[in-house]
Structures are given as C-alpha cells and as structure tokens.
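Hello,

Here is the structure I promised to pass on to you. Please have a look at it first, and then read on for what turned up.

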Amino acid sequence: MSQGVLVIATACSQLITWVPGDWQTGPGYAIKTGGGYAHDLHGRPVVLSRSAACSLARLMLASQGAVKGHHIHSSQRTKTWNDSVQGAYDSKHLTGDAIDIHHGSRRWMLSRAGDVAKLYGWRLITYGGHGGHFEFHPP
C-alpha cells in the first residue's frame, strides 16, 4: 500500500463480465456490480478491453467506493459514435483503453495519480483543458 491506495489481487473473472454493449460502446468487458454491471453517467454500460476493465474494477475496489462507474462520461466507443463526438481517429476509446471520468472519482484518481498509474496502469492524458481523460497502459 502506498499513499492510501490498496493493491487488489482479486481474479478478473470475479470482477468483470463480457457484455454485448450497445451501438455507442460496442461489445467488450464490463465491471460486475451487485445489480449487474457498472453504468456510466448516461446509463450506458461501462465497456472496456479485458485488461482495462479488470484494472479499473480493481482500482474501484481499492478506492473503497470513491471511484464510481456513474462518474464515467465515456468508455469504449464504436467508430460511429467516436466520429459523432469528434473523437480522435486513433482514440484509445476505440480499443476500450480509455475513460473520461469526472466528479469525485476524478479528484480521487488525480490525488493519487502516481499510484493509480504505477499499480493500475491508468494515466491522466491532458489535452485541450479536458482534465479527466485517463488511458490504460498495463503496469
């Protein structure tokens, strides 16, 4: 444990599940919750690549409730949805390796940015004043 960030070693199969997604997210892996799986601010499933979903699920557990799915504005995107929101042509959202997260979750992740990157692989990428875009780079 470093700077208040726990290391969670729970097996991925206990934390994530494959979902068909929707026309905005496409298929991928979602984080299991007591009532199904995590949804974003807009009610869409939080869909990510397998390794990113596993890491974010572990990070959410480590945060002891501070990092929440409904604080995520965007996770994986289909090309159609990415084009409609004017996302970058090579956006990590297209591969399920990026989230846009805000509110208390963003503040918690930023206050522990070094450990969040080192232990869980989520790195803040700053561009255009966005301030909440994190990309997954396996630790």
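**Strands around strand 2**

Strand 1 (residues 16–19) and strand 2 (residues 28–33) run antiparallel and are joined by 4 bridges. Please keep in mind throughout that this is a predicted model. If you want a residue pair to click on, tryptophan 18 has tyrosine 29 of strand 2 as its bridge partner.

Strand 2 has further pairings. With strand 4 (residues 47–48) it pairs in the antiparallel sense over 2 bridges, and here alanine 30 is partnered by valine 47 in strand 4. Strand 3 (residues 36–37) also runs antiparallel to strand 2, again with 2 bridges between them. In that pairing, lysine 32 has tyrosine 37 of strand 3 as its bridge partner. The connection from strand 2 to strand 3 is a hairpin that passes through 2 residues.

As a reminder for viewing these strands, side chains in a regular strand alternate between the two faces of the sheet.

**The disulfide**

How many disulfides does the model contain? The count comes to 1. The disulfide joins cysteine 12 to cysteine 54, with an S to S distance of 1.7 Å. Cysteine 12 belongs to helix 1 (residues 12–15) and cysteine 54 to helix 2 (residues 50–62), so the pair ties together parts that are 42 residues apart in sequence. The disulfide is left-handed, because the torsion about the S-S bond of cysteine 12 and cysteine 54 is about -85 degrees.

Are the two cysteines buried or exposed? Cysteine 12 counts as buried because its relative accessibility is 13%, under the 20% cut-off. Cysteine 54 is buried too, with a relative accessible area of 2%.

**Isoleucine 72 and its surroundings**

Next, take a look at isoleucine 72, which sits in strand 5 (residues 72–74). Isoleucine 72 counts as buried because its relative accessibility is 1%. Leaving aside residues up to four places away in sequence, isoleucine 72 touches Asp40, Leu41, Val46, Leu56, Ile99, Asp100 and Ile101. Two of these names, Asp40 and Asp100, come back under the salt bridges below.

For a sense of distance, the C-alpha atoms of isoleucine 72 and aspartate 115 are separated by 20 Å, and the two residues are 43 apart along the chain.

**Helix 5**

Aspartate 115 leads on to helix 5 (residues 113–120), where the buried residues are Asp115, Val116, Ala117 and Tyr120. What do the buried residues of helix 5 pack against? Their partners are helix 2, helix 4 (103–111), strand 7 (122–124) and strand 8 (133–136). Helix 2 is also the helix that holds cysteine 54 of the disulfide. Just after helix 5 comes glycine 121, with a positive phi of about 85 degrees.

**Salt bridges**

The count of salt bridges comes to 3. In general, side chains of opposite charge can pair when their charged atoms come close.

- Aspartate 40 pairs with arginine 44, and their closest N and O atoms are 2.8 Å apart. Aspartate 40 is buried, with a relative accessible area of 4%, and arginine 44 counts as buried at 10% relative accessibility.
- Aspartate 100 pairs with arginine 77, with 3.3 Å between the closest N and O atoms. Aspartate 100 lies in strand 6 (residues 98–101) and arginine 77 in the loop between strand 5 and helix 3 (79–84), so this pair ties together parts that are 23 residues apart in sequence. Aspartate 100 is buried, with a relative accessible area of 6%, and arginine 77 counts as buried at 10% relative accessibility.
- Aspartate 83 pairs with lysine 79, where the closest N and O atoms are 2.8 Å apart. Both residues, aspartate 83 and lysine 79, lie in helix 3, 4 residues apart, or about one turn of the helix. An α-helix has 3.6 residues a turn, so residues three or four places apart point the same way. Aspartate 83 counts as partly exposed at 42% relative accessibility, whereas lysine 79 counts as exposed at 56%.

Happy browsing, and best wishes!

Key: Residues are numbered from 1 along each chain as its sequence is written. This is a predicted model: local features need pLDDT of at least 70, side-chain atom pairs count only at pLDDT 80 or more; totals for chains, interfaces and linings use all residues. Side-chain values use heavy atoms; hydrogens and water are left out. Two strands pair if DSSP finds at least two bridges between them. A disulfide is a pair of cysteine sulfur atoms within 2.5 Å. Buried means under 20% relative accessible area, exposed over 50%, partly exposed in between (1.4 Å probe, protein chains only). Contact means heavy atoms within 4.5 Å. A salt bridge is a side-chain nitrogen of Lys or Arg within 4 Å of a carboxyl oxygen of Asp or Glu.
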